[in-house]
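Trainee: I would like a close look at one part of this model: the nonpolar packing. Please take it in one go.

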Amino acid sequence: MHNFPMAYLISFRCYGTWLHGDVRGSMDRRGHHIYGTPKIKPNHALAKKEAAQLKYSPKQLDASRRAIIEKAIQEVCEHRGYRLLAFNVRTNHVHSVVSASCKPEPVLNAFKAYATRHLRKADVLSSDEKIWARHGSTPYLWTERQVEQAIDYVLYGQGDELPKFD
């Protein structure tokens with residue numbers, strides 16, 4: 001029998017919306033990616049260099065795209081038997097709290113794949129556009145308290161409610 005956590009806090013960002021060197025700090029795959037290690041410090045020159053290297057334009061999610069992504073995430077959970085405890089699709093990222101009897105990476109990958117397919121099917125994303133940044137964040141939630149805190153963060157810790165206009 002596998003020992004899986006109660007849930008995961010799965011988050012992923014839109015392509016080009018949070019680059020290395022950003023004032024918010026960032027993580028990378030070369031040494032600043034282990035939980036608890038310091039983030040890359042803000043660096044205007046690095047952020048400018050990263051922006052110049054983007055192959056596609058940065059992506060934002062308007063109200064119609066957010067609704068499509070919400071439906072896609074619900075469909076993934078229903079189809080694969082994941083338990084969706086909370087989710088919040090923002091203008092440049094997605095947060096979710098999900099219980100699944102597998103590692104979080106397949107859940108994250110399915111969310112991104114289903115959302116991309118649905119956006120393309122709705123004709124709001126062309127086949128040559130990249131919508132998501134690489135990977136995402138997948139902390140394990142082992143206790144009821146951690147799950148409650150993650151749900152609270154996802155539902156109520158994201159700032160003002162998003163406008164409904166496009």
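Mentor: The layout comes before the core and the rings.

This is a predicted model, so local features need pLDDT of at least 70 and side-chain atom pairs count only at pLDDT 80 or more, while totals for chains, interfaces and linings use all residues. Numbering runs from 1 along each chain as its sequence is written, and side-chain values use heavy atoms, with hydrogens and water left out.

The protein has 4 helices and 4 strands (DSSP runs numbered from the N terminus: H or I of at least four residues, E of at least two). Their order along the sequence is β-α-α-β-β-α-β-α. Of the 166 residues, 40% are buried (under 20% relative accessible area; exposed is over 50%, partly exposed lies in between; 1.4 Å probe, protein chains only). Among contacts (heavy atoms within 4.5 Å) with a separation of 6 or more, 69% join residues 24 or more positions apart.

Now the core. The largest nonpolar core holds 28 residues (buried Ala, Val, Leu, Ile, Met, Phe, Trp, Tyr and Cys joined through side-chain atoms within 4.5 Å). Ile69, Tyr82, Val107, Phe111 and Trp132 touch the most other members. At least two residues each come from S1, helix H2 (63–80), strand S2 (83–89), strand S3 (93–99) and helix H3 (104–121). H3 gives the most, with 7 residues.

Take Tyr82. Leaving aside residues up to four places away in sequence, Tyr82 touches Val76, Cys77, Val98, Ser99, Ala100, Cys102, Pro106 and Val107. Two of these are cysteines. Cys77 counts as buried because its relative accessibility is 5%. Cys102 is buried too, at 19%. The structure has 0 disulfides (cysteine sulfur atoms within 2.5 Å).

A second, separate core has 8 residues, including Ala7, Leu9, Ala150 and Val154.

Last, the rings. The whole structure contains 4 aromatic pairs (Phe, Tyr or six-membered Trp ring centres within 6.5 Å; planes under 30 degrees apart are stacked, over 60 edge-to-face, the rest tilted). Tyr8 and Tyr140 pair edge-to-face, at 5.0 Å centre to centre and 90° between the planes. They sit 132 residues apart, Tyr8 in strand S1 (residues 7–13) and Tyr140 in strand S4 (residues 140–141). Tyr8 is buried because its relative accessibility is 0%. Tyr140 is partly exposed, at 35%. Ring pairs join Tyr8, Tyr140 and Trp142 into a cluster.
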